Amino acid sequence: MFFKVAISSLITIATSIYFLYYLPPFPHKPYYHSLFISDSLSDNQSISNHLYTLTRRPHIAGSQANAEAAAYVLSTLSSYSIQSHIASYHTALTYPESRSLVLTGPSLDPPVQFSLEQEIYEGDPYAEPASQVEPTFHAYAKSGTAVGPVVFANYGRVEDYAVLKQMGVNISGSVVLARYGKIYRGDIVENAYDAGAVGVLIFTDRKDYGGGGGAAEEKWFPDGKWMPPSGVQVGSVYGGAGDPTTPGWPSSEGCERISDEEVEKSGDVPLIPSLPISWADGDVIIRTIDGEVGNGDDWQGGKDSPVYRVGPGPGVVNLTYKGKQVISKIDNVVGIIEGTEEPDRFVILGNHRDAWTFGAVDPNSGTACLLEVAERMYKLQKKGWKPRRTIVFCNWDAEEYGLIGSTEWVEENRNMLGSKVVAYLNVDVAVGGPGFEASATPQLDELLVQVAKQVMDPDNSSQTVYDSWVSSTNNPKMGRLGGGGSDYAAFVQHIGVPSADLSFGGGYPVYHSMYDDFTWMKKFGDPMFQRHVAVASLWGLVALKLADDELLPFNYHSYALELQKSAEELKDRALNKDITLVPLLKSISEFEKAATKINDEREALIESKGWKSMWKDGHKIRELNDRLMMAERAFTDREGLSGRSWYKHLIYAPSKHNDYGSKSFPGIDDAIEKAKSVNTAESWLTVQHEIWRVARVITQASLCLVGKLT
């Protein structure tokens with residue numbers, strides 16, 4: 001009898017343990033994930049209220065207004081029972097002290113003295129706080145005076161200067177007039193300097209930002225969505241990431257800093273002065289330029305524009321800019337929901353808070369969505385949900401100056417993040433208009449597609465976000481994260497963390513101008529804030545799957561396909577006959593096999609779940625997840641890119657001549673461009689060396705996925 005009771009008791013205990021540790025508790029995680037994206041938890045009015053509060057005043061990095069915005073984010077996260085704190089840094093930021101712009105020419109008497117002011121429109125509800133907007137300027141611009149005949153350089157790209165050279169245009173000693181729209185403004189200035197210019201003016205051409213000014217849908221703000229004539233796109237011209245005075249280490253109070261002279265020698269700050277100007281001012285200057293006509297439609301303006309000629313002159317500009325550098329306190333806000341089973345594995349959601357002006361689109365549409373995600377997770381917790389892994393909310397500061405808040409935090413926490421972060425999920429501009437856009441490291445492609453199939457399209461309730469995403473093509477268009485345009489840069493390009501970046505609408509006309517305010521968003525960006533709701537659903541659901549799924553939802557087969565595609569594009573480049581891609585192609589082939597192997601292991605673990613495996617699968621799952629998590633780190637190299645050592649990732653990093661441009665195999669690309677220019681045996685040997693370097697990191701990633709010593 002005792003024996004029977006003992007056996008019965010053991011069976012009961014074993015069954016209890018099985019249900020406790022193997023079968024998911026009820027309600028299980030998929031239930032909570034579905035609840036997260038349901039109408040019962042989403043709140044467009046709450047998002048609208050957050051955005052209104054965050055954008056009542058301009059809040060440039062280092063300002064009291066931005067510190068108050070940080071306090072609002074901190075208190076809001078804390079109100080959701082999220083353990084939160086502020087991580088502060090003391091960073092070198094620049095502000096304008098004075099600037100002037102005078103245009104002279106044969107037909108100009110007296111000379112034109114530009115006001116360089118963005119005009120307040122009649123009935124502007126932000127007329128009073130608009131006085132707190134900093135005068136239009138470029139952060140980290142060189143102080144000085146530049147006087148010279150004007151040369152129009154189109155979008156300021158390397159290829160535009162090649163066209164000017166073919167046309168016989170002498171740029172030396174000139175002031176370049178270029179327009180925004182194709183490459184990063186810092187590269188516009190650098191390319192002008194390389195061509196011999198003494199100063200740069202960058203304008204927002206009506207063709208690209210101002211609409212047509214005729215039909216209702218083409219009117220400028222406040223009557224339409226387009227940039228008004230006096231609107232100016234301000235921004236940074238710094239070419240690096242993080243505080244320029246603390247390259248590679250965090251900017252703590254009283255820390256070591258390099259001198260201004262050393263900063264200039266780094267090549268990351270401009271060596272000639274520059275100013276951003278409006279399309280109205282650009283139009284006045286264009287009309288004083290003679291010389292040959294710009295080459296084709298790409299060099300011309302839009303409707304009602306004059307003929308664009310390249311110069312030089314006869315119009316002459318006198319550009320003066322004086323800036324001041326200040327060591328300013330910046331505040332990152334960090335909130336943490338600790339995981340219950342794997343608290344040492346982090347899923348990080350990030351958005352920046354600082355704005356050049358009011359920042360309703362960039363970046364606080366994203367900040368409002370971050371707070372919405374946090375509130376929904378708080379509601380889930382009240383219903384019993386607990387994340388398997390730790391979820392971290394990060395609200396960055398000083399992104400606009402050069403990704404400073406996120407970079408300093410990553411540099412300070414480099415080793416811990418390198419060993420514990422599963423993924424980083426970025427939202428900068430959450431909503432600038434209709435249309436979902438996503439960029440990611442390729443192992444996240446499949447997850448993003450799955451999530452997009454679960455969230456309804458905010459502009460068409462009869463279909464999902466995925467349906468609209470693929471409406472024009474058979475496959476969703478997935479961008480990559482090689483550009484330096486937002487806070488994913490430190491995570492991907494410096495320490496090698498799987499990452500994604502999400503948004504609706506892409507570019508928008510009033511970008512970085514005084515008109516990026518709550519009124520613009522309410523009238524044109526997202527009147528009902530349903531796109532914001534969709535971003536929060538997508539962002540949060542991706543985070544939940546990464547935090548809760550027992551096996552990480554990574555698929556490196558997508559990565560292998562992307563590497564193959566990039567290698568094929570290399571084949572099409574005009575390579576020297578002595579260059580071989582064999583090492584690269586062989587490493588990609590081995591990587592594809594490793595990706596297939598770990599996918600098979602993952603499927604086998606899923607299928608084997610049962611009585612026999614319940615005691616041992618925990619260790620197997622953890623070990624397999626570690627390989628999936630760490631493979632992205634293997635694409636980094638401690639020496640970094642040649643001449644750009646902060647960028648450690650050899651697969652994705654910015655183009656050398658366009659910080660916004662995402663390049664695959666950036667080291668190879670840089671070496672090819674240089675070899676084409678100088679065409680020496682040594683330069684082509686460098687190309688081959690870079691091919692070998694990339695092949696080696698891909699091999700390291702393969703070994704990481706396989707998980708066995710050689």
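Helix α17 covers residues 518–525, and its buried residues are Phe518, Thr519, Trp520, Met521 and Gly525. This description, like the rest of the text, refers to a predicted model. Several other helices take part in covering the buried residues of α17, including α3 (44–54), α10 (364–382) and α18 (530–548). At the N-terminal end, α17 is capped by Asp517. A side-chain oxygen of Asp517 lies 3.2 Å from the backbone nitrogen of Thr519, and Thr519 is itself one of the buried residues of the helix.

The next stop is a residue in a loop. Ser42 sits between helix α2 (29–36) and helix α3, and α3 is among the elements that cover the buried part of α17. Is Ser42 buried or exposed? Its relative accessible area is 19%, and the cut-off for a buried residue is under 20%, so Ser42 counts as buried. Setting aside residues up to four places away in sequence, Ser42 touches Glu372, Arg376 and Val533.

A third site lies in helix α12, which runs over residues 404–412 and contains Glu411. Glu411 is buried, yet it has no salt bridge. Which side chain of opposite charge is nearest to Glu411? That side chain belongs to Arg414, at 4.8 Å, whereas a salt bridge requires the nitrogen and the carboxyl oxygen to be within 4 Å. The side chain of Glu411 does reach a backbone atom: the nitrogen of Trp249, at 3.4 Å. Trp249 also appears among the residues in contact with Glu411 once neighbours within four places in sequence are left aside. The others are Thr246, Gly248, Pro250, His494 and Trp646.

These sites belong to a protein chain with 23 helices and 19 strands. What radius of gyration would a compact globule of 710 residues have? The expected value is near 27 Å, and the chain has 27 Å, so the two agree. Along the principal axes, the C-alpha trace spans about 115 × 65 × 55 Å.

Two further figures describe the interior of the chain. Of the 710 residues, 57% are buried. Among contacts with a separation of 6 or more, 79% are between residues 24 or more positions apart. On the outside, the accessible surface of the chain comes to about 28800 Å². Carbon and sulfur atoms account for 52% of that surface.

Terms used
Residues numbered from 1 in each chain as written. Predicted model: local features only at pLDDT ≥ 70, side-chain atom pairs only at ≥ 80, totals over all residues. Heavy atoms only, no water. Buried < 20%, exposed > 50% of the residue type's maximum accessible area, 1.4 Å probe, protein only. Helix = DSSP H or I, 4+ residues; strand = E, 2+ residues; numbered from the N terminus. Contact = heavy atoms within 4.5 Å. Polar contact = N/O pair within 3.5 Å; in protein donor to acceptor, adjacent residues only side chain to side chain. Lys, Arg positive; Asp, Glu negative; His and termini not counted. Rg over C-alpha atoms; globule rule 2.2 N^0.38 Å. Areas by Shrake-Rupley, 256 points an atom, 1.4 Å probe, with all protein chains shown as cover.
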